[in-house]
Amino acid sequence: MTIAAGIDVGSGAIKVSIYETGPDGAETRHALVAERIRRRDPTVVTRESWELALKHAGMVAGDVAYVATTGDGENVPWATGHFYGMTTHARGALHLDPTARAVLDVGSLHARAMKMDPRSKVLKYRMTSQCASGTGQFVENIARYLGVPAEDVGARSLQATEPEMVSSICAVLAETDVINMVSRGIDTNDILKGIHMSMSLRFAKLLRSVGADGVVLITGGQSRDVGLLATLREALAKKAKNLQVEVRNHEQGIYAGAIGAALWGAWRHDYLARKEAS
Amino acid sequence: MIPPSTAPSDIVGRGNKEGGQLFRQWFANLSEVAERKERAAYVFVMGSLNEILKSFDMPVSFPEINALQTAIRRVSHEYLDEAEDIGYSPDICGYVKADVALQMRGGEHPMGKIPKPSMAVFTNACNTYIKWAEIWERMYDIPIFTVDIPGTRQAGIVTMPGQHRFENDRRYVEGQIRELITLCEQVTGKKFDIDKLRDCMANANRLSLAWERLLALNRSCPSVFNALTDGTVYLGVANGFRGTPEGTAYFERLVEEMEYKAAHGIGTLTEEEYRLIFVGVPCYPIFRRFNEIFTEQGGTFVNSTYLWFASGGTNRGYQYDTTRPIESLAEGLLLSVRDAMDSMFHQYAMVREMAEEYSTDGVVFHPIKSCRTVSTGLADSRRALMEETGMPSLFIESDMMDRRVVSEAQLKNRIDAFFEGLASRKHQSKAEGAA
Amino acid sequence: MSDPASALIDRCEAIVNDLDHTSVADWKRQSDGTERKAVGFLPVYVPREVIHAAGFLPVGVVGGGDALEIIRGDAYFQSYICHLPRSIIEMGLGGKLDALDGMIFPSTCDVIRNLSGMWQLLFPDKWAWYLDVPQNLSPRLGGRFYAHDLQLMAKELEGLGGLEVTPERLRGSIEVYDVHRGITEDVFALRREAPEKVPTWELYMLIRAGLILPVEDHSELMVEYLESASKRTAKRRDNPRVIVAGAFCEQPPMGLIRTLERAGCYIVEDDFSLGQRWLREPLRITDEDEPFGALAKAFLEHSAQGATRFHPDGEPKGEELVRQVRECEAEGVILASPSFCDPSLLDRPMITAALDREGIPWTGFKYAENTGQFQGIREQAGTFSDSIRLWSEAS
C-alpha cells in the first residue's frame, strides 16, 4: 500500500489529491481539495490546501510517501518530485474514465489536447497559443461583466436560442465583441453560448490536429461547464464527421492533474523502492 | 587532346564549350571509378593539394562541386530533405547535407555516380570542411587529413616569405605536406615520385599564371567574360584539372580566346552598361535566372571574390619553384590559401581594390543561409565600402542550395531598385560632365 | 536562515549582469594612479595563462544575453547567423567593451574568425588578434606550431604594454590556473554528487563570473561557495539526472537554464563553460618544463572533446558524451544548440546516433542568447523528464 499526494498549482486554483494505491492496482481516494487563489500568494494557498487535504484524509505529512507536484508547482519545497502537466492530466483522465483515449484540458490561461494510449502515455499533443481567448479566465471575465455567477454559465448557455459567435482569435477583440452585443441588446444566454461556440471551434481544431479518436475527457477548471460540453459536441459533429469521438466530462475533472500526479507519484515511489531493493 | 584553333570565328565561346566537355568527361571518369568499385580522394576547392594527389595518380572528387551540381540540376532539395530527415539541421551548410544524402544513396548523382572516398584531404580554410570530413571518417572508416593553414593573425598585416613569422607558418605547412605524402603512400601502396610531383607543379604553375591573366583580362571594357556564370565554368576546370596537362591546355586556350575578345572589343552583352563585382557564393538553385536579372538591365559581373577564394587563391598566380618542390609547395599553399581565407574574412580591402581596378559601377554582396564562412562580415564590408568610397552596392540574401529560401520575386525587386539607383547615378554624372 | 552560498551567487550575478564591465575598469585603476590592462577573448578556448603572465586581466566576452537590446548589431550581419556576434558588436559599438585594451579571437568557427576581421575594421585603434589553435595534433608539428604561436601572442601583449612573458612568469601563471582548474572541478563534482545542493543556474553564475574576475579572486570565491553549498540540507528530489550538451559558445539565457531545472531535471554535467574547463588535467609544471610547450602539450593531450576541435582518431562521435553519461550516472541528454551554430549542429546527427546506440534518451532544441519564450522548452524538457522516469521503465 502506497500513499501519495498530488499538488496541481494552476494559475487560477490549487488542487490537491491524496490517494492510496495497492499492489492489485486499486486506487483509493483519501482527499480532494480545490482552492481558488483569488489574488492571494499562491505559496500560501498551496500550503493551506495541502494542510486541508491532510486534514480531510486524517493524515499527517509523514504518512505520505511521495508528494508529486504538477502545473506550476515545481518550487513546492516539500515535494518529492514534479511531473509535467500533460503527463498528469492524461493519467488523471484515465483514472476518472478508463475508456478515455484523449484529453482536452481547459485551464484558466491555456487549453491543450492530448491523444494517449491505454496506459495514459501521451502520443501527441497540441496547445493553444499564448492568447487567453477561449480559456477559463476569459469566460470568467465575460461572466463577471455580464453579471452571471461563474457556476451558472453552463446552464445559461444551454438555454440560448439565437447565439452569436464572437471573435475566436483574440481575447481583446472578443471582449469588444461582447460589449458590442450587450449594447445591441443581445440576450445574455445567447452571448454566453456564442463564446462557448467560438471556444469549441478552437478546441475541435486542437482535437483534430492530435488525431483524437474515441472517448475524449474534458479536464481542468472548465470541465464542469455543461454549456461548453454541448457546443463542443456540436462543433465536432459538424466539423469532424470522420472523427469517431465522444466528448465527456466528469464531476472531478478539475482534479485530473492532481489525481494524475498522486498516482504517478505512487508508481514512482514503488518503482524506486523496488530498484533499491534489487 | 583538344585540337588547336584554326579560325578566329572558332575562338569566341570555345572556353565555355570545352569547359562543359571537360566537365562531362570529369563526371564520366568518376562514374567509371565508381563502377569499378574503386575509390577517390575527396578534396575541397580551397587547398585541394591536387598536385600531391595527382602525382599518385589518385582519382579525386570535389564534394562541393558534386553538391552544387545538384542545385544547378534542380534536385538539391531532394538531397537536402533526406539529410534533414536524419537530423541535419536546416541551419547548416547545404553542401554537407547534399553530400550526406549522396553517400546514403550510394553515390547516385544527376551527373553520374560518385565513388566512395579512399581518403579525404582538406584545409581549415573553412571550418565546416573539418566537420564534413569527420562524417566520412566515421561513415567509411577512412583516413582524413587536415592541412592546417595558419591564417592572418591581424587583418591588414600580411607576412611574407623570408620573414620569421611567415617561415614558421611555412614550416608547419611543409611538415604537414610531408605527413600527407606518407599517408598517400599508405593509401595507394605507391612510392612517392618527386619528379611526378614536379610535373604536376609545373602544370599548376601554367594554370595559375593563366588564371591570373584571365582575371586581369576582364579589366578590359567591355569585359570578356561574365565572372558569375562563365567564371563558374572556368572555376570548375581550374579546381578539377589543376596540375594536369588537360587543365593547363584548357586555360592557355581560354586565355587565347579572352585576349582575342579583348583585342576585338567583344564583350558578353550587346551593351555593357554596368560593371559589377559579385561578393559571395552564387545562387545555384536559380543560377542562370539570377544572372539574367542583372544582364537584362545591362549589368555584368566583371569579377567576384568567389573566383578568388573558390580557386583556393589561384588568383595570386603563385609560381612554384620546382627545384625545391616540397618547400615551394608549402609556401605556395600558405600564400594562396591564406589569400583565399582573407578574401572571405578580411575581404574589405580586396573588394575596394578590385572595384578600382575593374572600373566598377557597383558591388553585389550575396550572403547565403548555408555558409557563415563566406557570409559573415559582408554587411560590414559593404558599410565600410560605402562610407569610404560611396560605391553603390546591393545586399541580397538567398542560398547556394536551398530553394526554400530563394525568392526570385523578392530578389528581382531589390535588384531592380539597385539598377534604378545606378541609372540615376549615371544620369547625374553625365549631366555633371556636360556642365 | 542566511545562506552564504546564495549571497556569493548574488555577487556573481551582479558582476555578470554588469555589461559595462565596471569591475574590469576598477581592477585596471591602481592606487598609484597607473593603469593595468585587460584583454578580452571570445569562446571557446584561449589559454588565459599567457594573458595573466603578461600582467593583464583576461576577460571572457560571451555576448550580452537577453539583457542587451540589439539596435546596431543587426545591421552588421546577414540574417542567417548566430546571435553572439550581433551582441558582441553591439557591446563594442555601445562602449561596453571600452575597458578592454584588446581582443583575442580564437579559431572556434568561421563566424568568430570573421569577427576578428570586422573588429579591426570597426575598432582600428584596438589591438585584435586571431589565435590559430592547431588542427594538426602531432606534437612535432601542431604542438610546435602552437607553442610558437603562443609566444607570438605573448610578444604582442608585451608590445601592448604588458610584462615580458618569461618562462618563470608563465610557469607561475600556469600554477595559478592549475589551482583554479582543481577547484572548478571540485565544484562540478559536488553538483554531480548532490545536485540538490548546487543548482545549475547557481553554478553557471559562479563560473560565468570567473570570465571577468581575476583568477585568484575567483578561486577564493569558488572555495567559499564550495564550503557553504556542501553544508546545505536541501531535500533531494525525484528528478532525472541529465547532461546538457552543445551550448559551449553562445550562451543560453538564464531563463532557459532555470526552465530546464524547473521542468524537473537535475543537470549534472554541461558544456556551457567548455572553454574554462578545456584543459582537463592540471599541468603540474616543473622548473625544467618549457611553459609554452607545456601549454601546447596540454592542448594536444588533455583538451576537452568539443565540437570545435578536430578529432582525427576515428572514435565514434558522441562516445565522449556516452562516457560522461556513464560517469555522471546521467539518465538522459539534452542537446541544446544555438541557431546557426555550425560546430554544434553539424555534430548532432552523429551524437544522437551514438546515444541511440546506447539506449540513452535524449531531446534537442535550438536557442538564441535572447530567446524570451520558454514555454515550448519547458514543455519539451518536462515531457522529457517524465518520459525518462515513467516510460523508460513502465513500457
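**Exercise 1. Where chain C meets chain A**

Work out how much area is buried between chain C and chain A, and which residues of chain C supply the most.

*Solution.* Start with the total: about 2300 Å² is buried between chain C and chain A, and carbon and sulfur atoms give 47% of this area. Buried area is the accessible area (1.4 Å probe) that two parts lose on being put together, summed over both. Next, look at the chain C side, where R237(C), D238(C) and W391(C) supply 29% of the area buried against chain A, more than any other three residues. Then turn to contacts, meaning heavy atoms within 4.5 Å: 17 residues of chain C touch 27 residues of chain A in this way. Last, there are four salt bridges between the two chains, a salt bridge being a side-chain nitrogen of Lys or Arg within 4 Å of a carboxyl oxygen of Asp or Glu. E74(A) and R262(C) form a salt bridge, at 3.1 Å from N to O.

A note before you go on: this is a predicted model, in which local features need pLDDT of at least 70 and side-chain atom pairs count only at pLDDT 80 or more, while totals for chains, interfaces and linings use all residues. Residues are numbered from 1 along each chain as its sequence is written, chains are lettered from A and ligands numbered from 1 in the order in which they are written, and side-chain values use heavy atoms, with hydrogens and water left out.

**Exercise 2. Which chains touch?**

Sort out which chains share the most contacts and which do not touch.

*Solution.* Two pairs of chains are in contact, and chains B and C share the most contacts. Chain A and chain B do not touch, and their nearest C-alpha atoms lie 19 Å apart.

**Exercise 3. Two domains in chain A**

Find the two domains of chain A and describe how they meet.

*Solution.* First, the bounds, which come from an automatic or database domain assignment: domain 1 covers 2-85 + 255-277, and domain 2 covers 98-249. Their centres, taken over C-alpha atoms, are 27 Å apart. Next, the meeting place: seven residues of domain 1 are in contact with six residues of domain 2. The two domains bury about 520 Å² between them, 43% of it on carbon and sulfur atoms. On the domain 1 side, S11(A), R36(A) and G85(A) lose the most area, together 49% of what that side buries. Finally, one salt bridge is found across this interface.

**Exercise 4. Unusual backbone in chains B and C**

Locate two cis peptide bonds and two residues with positive phi.

*Solution.* Recall that most residues other than glycine have a negative phi, and most peptide bonds are trans. Take the bonds first. C221(B) and P222(B) are joined by a cis peptide bond with omega of about -5°, and P222(B) sits in the loop between α9 (194-217) and α10 (229-240) of chain B. The bond from P43(C) to V44(C) is also cis, with omega near 10°.

Now the phi values. L49(B) has a positive phi of about 60°, and D57(B) has one near 55°. L49(B) is buried, at 2% relative accessibility, whereas D57(B) is partly exposed at 46%. Here buried means under 20% relative accessible area, exposed over 50%, and partly exposed in between (1.4 Å probe, protein chains only).

Technical notes
Helices (H or I, at least four residues) and strands (E, at least two) are DSSP runs, numbered from the N terminus.
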